[in-house]
Each structure stands twice: as structure tokens, then as C-alpha cells.
Amino acid sequence: MSTDTSPLLPAVHEFLSAPKQLLIDGAWVDAADGRTFATLNPATEEELVQVARGSAVDVDRAVAAARRAFESPSPWSRMTPRDRSHLLWRIGDLIEAHADEFAQLESLDNGKRVEAARDGDVATAAELFRYFAGWATKMEGTTIPMSVPGREFHAYTRREALGVVAGIVPWNFPLLMACFKIVPAITAGNTVILKPAEQTPLTALRLGQLLLDAGVPAGVVNIVPGFGDAGAALVEHRGVDKVAFTGSTEVGKKIAAAAAGNLKKVSLELGGKAPNIIFADADIDAAIAGAVLGGYFNEGQCCVNGSRLYVQREVFDRVIEGVAAAARAITVGDGFADGASMGPLVSQEQHEKVLGYIRGAVADGATLAAGSADAAFDRGYFVHPTLITGVTEEMAVQTDEIFGPVVTAIPFDTEDEVVAAANNTVYGLAAGVWSRDLGTAHRVGAKLRAGTVWLNTWHADDVTLPRGGFKQSGWGRELGSFGLDDYTELKTVIAELR
């Protein structure tokens with residue numbers, strides 16, 4: 001295990017030493033009942049800080065603040081699209097200016113490597129604000145001709161903000177997922193209550209201070225850390241107009257049911273179990289590298305990771321040997337440590353869950369081509385990157401979303417066979433195909449039931465692209481121009497010309 005050799009920035013020390021409160025109506029406040037909870041460093045299992053624990057009472061306060069900030073004649077309702085655009089760009093610049101601070105906080109709270117947090121999560125968060133800054137002035141309607149004999153009309157459409165948006169985000173990309181909810185919502189003129197995951201609240205709270213520093217009016221963005229009861233209160237609240245959730249399919253179903261109370265709009269990015277298909281004619285070295293990235297990226301804690309590897313039989317042994325060798329070469333260690341290429345999982349619960357799936361697969365007769373069913377170290381939530389062969393389609397390790405550095409591999413013979421196997425899942429978030437024959441790649445890609453399909457690559461992405469899932473992987477799309485639609489209402493206006 002690599003050890004922590006990097007000092008914390010003074011700004012990080014300062015942030016950790018200050019009280020961690022709720023952000024409601026532009027002010028930092030304690031929870032109404034005074035409760036707090038600990039957030040831990042998953043590399044050391046040590047407490048980082050106590051965080052105010054929001055409850056239904058705090059959710060009421062936050063919703064009321066968000067409603068006041070949204071309704072005319074509030075400062076936010078009077079802000080022009082150009083002013084919102086400038087504000088969003090300013091926030092992106094501030095995130096970039098504090099990139100090292102955000103990266104260290106993310107690594108402390110989530111476990112991921114500091115470099116990965118800075119160059120991936122934080123950089124993308126800044127780019128999100130800049131990209132959507134351009135959309136603030138381009139939310140346009142259309143004019144539509146009407147055909148009514150003997151009468152003349154002028155008809156047009158408007159895109160208008162929904163109102164109060166609840167954003168509930170997971171722990172695998174804490175800052176980035178917070179921005180996924182906040183940025184399009186405020187671009188469209190909505191107000192927000194964000195509930196970060198209880199495992200990883202720190203960068204969301206730091207972002208809240210930065211938003212205030214940038215000039216976001218009071219009540220426009222409220223942040224309420226807490227547990228499932230706070231999330232449930234948000235989802236059920238009659239003052240919330242939309243819930244935007246990223247997380248498990250199980251919780252997504254509960255949100256969809258609870259939102260029926262006032263028929264609030266819901267967008268859901270849920271679980272995945274992505275198939276990664278390698279044909280014999282692929283560039284095998286590139287496909288092996290892609291399978292490693294697709295399987296073990298972000299400690300395996302990524303809903304679009306290629307956790308189900310399907311390899312055409314004639315190259316199966318070669319691919320398995322290559323992926324296994326690469327997995328064994330990954331250095332597991334503290335996210336601050338020099339030379340570490342994979343950090344810990346986020347929590348003890350996740351650690352036990354992932355090891356349980358590996359042990360279950362071995363008990364069912366599968367073989368570990370790489371990795372281990374034992375914890376990597378005595379301290380911290382570390383798991384060895386694992387590759388499992390001898391798997392059947394019925395095994396839990398093959399059907400369930402594990403959310404850890406675990407890849408299963410199964411050989412196939414024909415295109416029809418692998419397409420059927422790949423689609424044999426309740427999920428449909430992502431998929432991939434590797435073949436030098438572009439006809440094969442595009443044909444198979446078109447048959448895969450997934451919201452994102454990569455051809456001869458994996459994890460290629462951009463903030464301009466929509467993302468979302470088929471089947472039980474969710475409702476709606478995030479990011480790109482499509483991402484604004486779910487945060488607006490379409491109004492039709494008809495005027496008779498006399």
C-alpha cells in the first residue's frame with residue numbers, strides 16, 4: 001500500500017476546521033434539531049469532520065427559501081439571461097481557481113486519487129458552468145402558423161423555468177454530480193435544493209460557499225446534507241416542482257412513486273451493468289486497454305463502466321491474459337500517494353458489498369483471473385482490481401450492479417448470441433463494441449439497448465453530449481442542449497390579431 005506523502009493545502013485545513021452547516025437562504029445554519037454526522041476518510045477510516053444533518057424541518061426551510069427566491073419580484077427572477085450567463089462563467093472560473101482545493105477535499109471524502117479528481121471531476125465541473133453559460137441566452141421559442149378560416153392569429157412558444165428543483169446526488173462523483181443538477185437548473189432560471197450523499201458532503205458544501213462568493217442570490221441554491229429521511233422529505237414535498245436524481249435503480253423507483261403526490265417532474269439516472277463486446281477482428285491491444293479503463297475507472301464506482309466483458313472465443317484467452325496483467329499492475333493506495341493508480345472504495349458498506357459479490361462468485365464456481373476475495377489492506381476500504389471468468393449469466397456477479405473494480409468475462413461465438421446476452425439485463429445505461437469492421441461496430445451498436453454506446457473506445461465524453469438510460473437505467477437526459485429541456489416548461493401563447 002502506498003502511503004500519504006502530500007500535505008494538505010492551508011485552504012483545506014481551514015475548511016475542515018470550520019463548522020459544516022446547512023446552506024439555507026444564503027446563510028450557513030445548524031440543523032433545526034442540532035444533529036450532526038461524521039464523514040470519514042475511506043483510505044484511513046478516520047473521521048474528517050462532523051456535518052450538520054438535515055431533516056424534514058430543514059427541508060421545509062430550504063424549500064420555502066427556494067420558493068421565495070424563484071417568485072417575482074425576487075432579485076433572481078429579475079436577473080436577465082445575459083446576467084445569468086456571466087454569473088455561470090464566473091463560477092466556472094472560481095472552480096478552476098480553487099481546483100487543487102476541491103481535488104484534495106474530494107480525495108479525502110471519496111477516496112479517489114487527487115490527480116483524477118483535479119484533472120477529471122473538477123475540470124469538468126468548471127467546464128459545465130462555462131458550457132451552460134452559453135445556453136442561458138439561447139432558450140428560445142418558435143412561431144407556429146395557424147390555419148383558422150376567416151381569423152388571424154400569432155402563435156408562439158416559450159421555454160420557462162419549472163420552479164423549485166430538488167437535486168439528489170450520489171457519492172461516486174460528488175462535486176461533478178452536484179454540478180450536473182445545479183448548473184442546468186439555474187441556467188434555466190430555477191432555484192435548487194441539493195442533497196449530497198451522506199458519505200461525501202464536503203465538496204458540495206465548499207461549492208455552496210463559492211456560489212455565494214460569485215454572487216448567486218440568497219435562496220437560489222440551498223444545500224441540505226443528510227440521510228434518506230431528508231431525501232424522502234424533498235421528494236414528497238408539495239413545494240418542489242422537480243426531482244433530479246442520480247443513484248441506484250432501487251431508490252429511483254421509490255422516488256418515482258413518492259413524486260406522485262403532486263405529480264412533480266422527475267429525471268432519473270440510475271444503475272447500469274454495461275456490456276463491453278470485443279470481436280476477434282478488433283485492435284486487440286486497444287480493446288484490452290479499453291476494457292481496463294472501462295472496468296476499473298474511478299475504482300469501478302461508475303454506472304457506465306463496462307463490467308460485463310464479452311470476448312469472441314478465438315481471442316478470449318489473449319484478452320483475458322492482457323486484462324488480468326493490467327489489473328495486477330494497478331497500484332492500490334491512498335488517493336494522495338505518489339504512484340497510486342486506484343484509491344479505496346467509498347465506505348465500509350460498499351467495501352463489504354463488493355467483497356461479498358467476489359466471494360459469492362467463487363463459491364458458485366467462477367475463477368479469479370486477477371484480484372482477490374480478500375480486502376487489499378487491514379485499514380481502509382481497498383479492493384484489488386478483479387477479473388472473473390467461468391461466469392454464467394445467472395450468477396449475481398453477472399446480473400447485479402456491483403459498483404466496484406470487478407469485471408466478469410464470458411466468451412461468445414456469434415453476433416446474434418452476444419447481442420442477445422448483452423441486452424439480457426434490466427439496465428440500459430451504456431455499452432461498447434470493439435471491431436475494425438465499422439459495419440459490424442455500427443450494426444451491433446444499433447442493436448444494443450443503451451443510452452450511450454461506445455465504438456472502439458470507452459469513457460470518451462463531453463459536456464455537449466446527452467446522457468441517460470434505457471429500461472430501468474432511468475428517465476430523461478442530462479447535459480448537452482437536451483439537458484435543459486427537463487428543467488423547463490414549454491408554454492404555448494396564442495394571440496388573435498384583429
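Which helix does valine 114 lie in? Valine 114 lies in helix H6, residues 114-135; helices here are DSSP runs of H or I with at least four residues, strands are runs of E with at least two, and both are numbered from the N terminus. Before going further, please note that this is a predicted model, in which local features need pLDDT of at least 70, side-chain atom pairs count only at pLDDT 80 or more, and totals for chains, interfaces and linings use all residues. Residues are numbered from 1 along each chain as its sequence is written, and side-chain values use heavy atoms, with hydrogens and water left out.

## Residues brought together from afar

Valine 114 counts as buried at 12% relative accessibility. Buried means under 20% relative accessible area, exposed means over 50%, and partly exposed is in between, with a 1.4 Å probe and protein chains only. Along the sequence, valine 114 and glycine 335 are 221 residues apart, yet their C-alpha atoms are 5.7 Å apart in space. Leaving aside neighbours within four places in sequence, valine 114 is in contact (heavy atoms within 4.5 Å) with Ala103, Gln104, Ser107, Gly335 and Phe336.

Alanine 495, found in strand S19 (residues 488-496), gives another such pairing. Its C-alpha atom is separated by 8.7 Å from that of glutamate 152, and the two residues are 343 residues apart along the chain. Alanine 495 is partly exposed, at 30% relative accessibility. Not counting residues up to four places away in sequence, alanine 495 touches Glu152, Phe153 and His154.

## The annotated domain and site

UniProt, in an unreviewed entry, lists residues 28-493 as "domain: Aldehyde dehydrogenase". Its positions are given in the numbering used here, feature names are shortened, and annotations may be inferred rather than shown by experiment. Over residues 28-493 the chain is 40% helix and 19% strand, with the end C-alpha atoms 41 Å apart.

The unreviewed UniProt entry also places the feature "active site" at Glu269. Is glutamate 269 buried or exposed? Glutamate 269 is buried, with a relative accessible area of 8%, and it lies in strand S10 (residues 265-269). Beyond its neighbours within four places in sequence, glutamate 269 has contacts with Phe245, Thr246, Gly247, Cys303, Leu429, Arg467, Ser473 and Glu478.

## Helix H16 and its surroundings

In helix H16 (residues 438-447), the buried residues include Thr440, Ala441, Val444 and Gly445. These residues cover an arc of only 120° around the axis, which puts them on the same side of H16; the arc is that of the directions from the helix axis to the C-beta atoms. An α-helix has 3.6 residues a turn, so residues three or four places apart point the same way. On the other side of H16, Leu438, His442 and Ala446 are exposed.

The cover over the buried residues of H16 includes strand S11 (275-278), helix H15 (415-422), strand S16 (430-434) and strand S17 (452-455). H15 and H16 pack at an angle of about 35°, with their axes 10 Å apart. Axes are lines fitted to C-alpha atoms, for helices over the stretch in contact, and angles run from 0 to 180 degrees between N-to-C directions. Glu415, Asp416 and Val419 of H15 make the contact with Thr440, Arg443, Val444 and Lys447 of H16.

At the start of H16, a side-chain oxygen of aspartate 437 reaches to within 2.8 Å of the backbone nitrogen of glycine 439. A polar contact is a pair of N or O atoms within 3.5 Å; within protein, one must be able to donate a hydrogen and the other to accept it, and residues adjacent in sequence count only if both atoms are side-chain atoms.

## Backbone angles worth a look

Most residues other than glycine have a negative phi, and most peptide bonds are trans. The table lists backbone angles that depart from this pattern.

| Residue or bond | Angle | Place |
|---|---|---|
| Ser72 to Pro73, cis peptide bond | omega about 10° | Pro73: loop between H2 (56-70) and H3 (75-78) |
| Asn298 | phi near 55° | loop between H11 (284-296) and S12 (308-312) |
| Asn456 | phi about 60° | loop between S17 and S18 (474-475) |

Asparagine 298 is buried, with a relative accessible area of 9%, whereas asparagine 456 is partly exposed, at 33%.
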